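Grab your viewer and something to scribble on. Here's a short set of exercises, each with its solution worked through step by step.

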Amino acid sequence: MEEKPEQREITDKILAAIKREYGFIPVVNQVLSTRPDMFIPASNMGKAVLEGDGDLDKKTRYLCAISAASAAGGEYCINVQMRHAIDAGATKDEILEAIMIGCYMSMTRAQSYAFRKYAEMFDVGLEQ
C-alpha cells in the first residue's frame, strides 16, 4: 500500500510524543506505525479511551487498564499503565486491587470454558 505523506507526518508526530512521554516507543507502536492508515486511528482511539473526556477520571481509567491488561496477560501494557496510574495518583494498594480483579476475571473466564467441557464430558447436568 502506498503511504500518504500527510499520514506519515502525523504518525511521526505521534511517535515523537510517545517517546517523550514514555522514554521509548513500544513495539506495538513501532510495528503498527509502518501502516499510518491504521496507526493513526488506533492511536487516536487509545488516547480517547484512556485520556479523553468522560465520566471516569484518569486514575480510574488507568486502574481499569491495569485490570484489563492483567486479565489479558499484557506484561508490557501492565508496566506502562501502572506508571500512568501512579502519575494519576493511584496507590500501590489500588494497583494491587486492580491487578487482582483482572486476574480473577481471567480465572473465571477459564473456569467457565473448562467447566462446561467437563460437564459435557462427564454428563454433569447444568441449569441454564
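The exercises below go through helices, cores, aromatic pairs, the largest pocket and one backbone angle.

Before you start: this is a predicted model, where local features need pLDDT of at least 70, side-chain atom pairs count only at pLDDT 80 or more, and totals for chains, interfaces and linings use all residues. Residues are numbered from 1 along each chain as its sequence is written, and side-chain values use heavy atoms, with hydrogens and water left out.

**Exercise 1. Check the span of helix H6 against its number of residues, then find what its buried residues pack against.**

Step 1: Get the naming straight. Helices (H or I, at least four residues) and strands (E, at least two) are DSSP runs, numbered from the N terminus.

Step 2: Do the span. The expected value is 1.5 Å times one less than the number of residues. H6 covers residues 92-121, so its 30 residues should span 44 Å, and the end C-alpha atoms are 43 Å apart, which agrees.

Step 3: List the buried residues, buried being under 20% relative accessible area, exposed over 50% and partly exposed in between (1.4 Å probe, protein chains only). For H6 you get Ile 95, Ala 98, Gly 102 and Ala 119.

Step 4: Look for partners, with contact meaning heavy atoms within 4.5 Å. The buried residues of H6 pack against helix H4 (58-72) and helix H5 (75-87).

**Exercise 2. Do the same for H5, then zoom in on His 84.**

Step 1: H5 has 13 residues, so at 1.5 Å a residue it should span 18 Å; its end C-alpha atoms are 19 Å apart, which agrees.

Step 2: Ile 78, Val 80, Gln 81, His 84 and Ala 85 are buried in H5. The buried residues of this helix pack against H1, H3, H4 and H6.

Step 3: Now His 84 itself. Its relative accessibility is 10%, so His 84 counts as buried. Skip residues up to four places away in sequence, and His 84 touches Glu 21, Tyr 22 and Tyr 62.

**Exercise 3. Work out which residues make up the largest nonpolar core, and which helix gives the most to it.**

Step 1: Use the rule: a nonpolar core is a set of buried Ala, Val, Leu, Ile, Met, Phe, Trp, Tyr and Cys residues joined through side-chain atoms within 4.5 Å.

Step 2: The largest one has 9 residues: Leu 50, Tyr 62, Leu 63, Ala 65, Ile 66, Ala 85, Ala 90, Ile 95 and Ala 98.

Step 3: Sort by element. H4 and H6 are the elements that give two or more residues to this core, and H4 gives the most, with 4 residues.

Step 4: Pick Leu 63 and list its contacts, leaving aside neighbours within four places in sequence. You should find Ala 85, Ala 90, Glu 94, Ile 95 and Ala 98.

Step 5: Another core, of 5 residues, lies apart from the largest one; among its members are Leu 15, Ile 18, Phe 39 and Ile 40.

**Exercise 4. Classify the 2 aromatic pairs in the structure.**

Step 1: Rings of Phe, Tyr and Trp (its six-membered ring) pair if their centres lie within 6.5 Å; planes under 30 degrees apart count as stacked, over 60 as edge-to-face and the rest as tilted. The structure holds 2 such pairs.

Step 2: Tyr 22 and Phe 24 have ring centres 6.0 Å apart and planes at 35°, so this pair is tilted.

Step 3: Tyr 118 and Phe 122 are tilted too, with 4.9 Å centre to centre and 50° between the planes.

Step 4: Add accessibility. Tyr 22, at 25%, counts as partly exposed, and so does Phe 24 at 34%. Phe 122, at 55%, counts as exposed.

**Exercise 5. Describe the largest pocket: its volume and its lining.**

Step 1: On a 1 Å grid over the protein atoms alone, a pocket is an open set of points where a 1.4 Å probe fits, with protein on both sides within 12 Å along at least five of seven lines; lining residues have an atom within 4 Å of a point. Grid points are joined across faces, edges and corners, and a volume is the space filled by probe spheres set on the points.

Step 2: The volume comes to about 990 Å³.

Step 3: The lining has 31 residues, and the closest to the pocket centre are Tyr 22, Pro 26, Asn 29, Leu 50 and Gln 81.

Step 4: H3 supplies the largest share of the lining, 9 residues.

**Exercise 6. Find the sign of phi at Asp 123 and say whether this residue is buried or exposed.**

Step 1: Asp 123 sits in the segment after H6.

Step 2: Its phi is near 55°, a positive value in a residue other than glycine. Most residues other than glycine have a negative phi.

Step 3: With 71% relative accessibility, Asp 123 counts as exposed.
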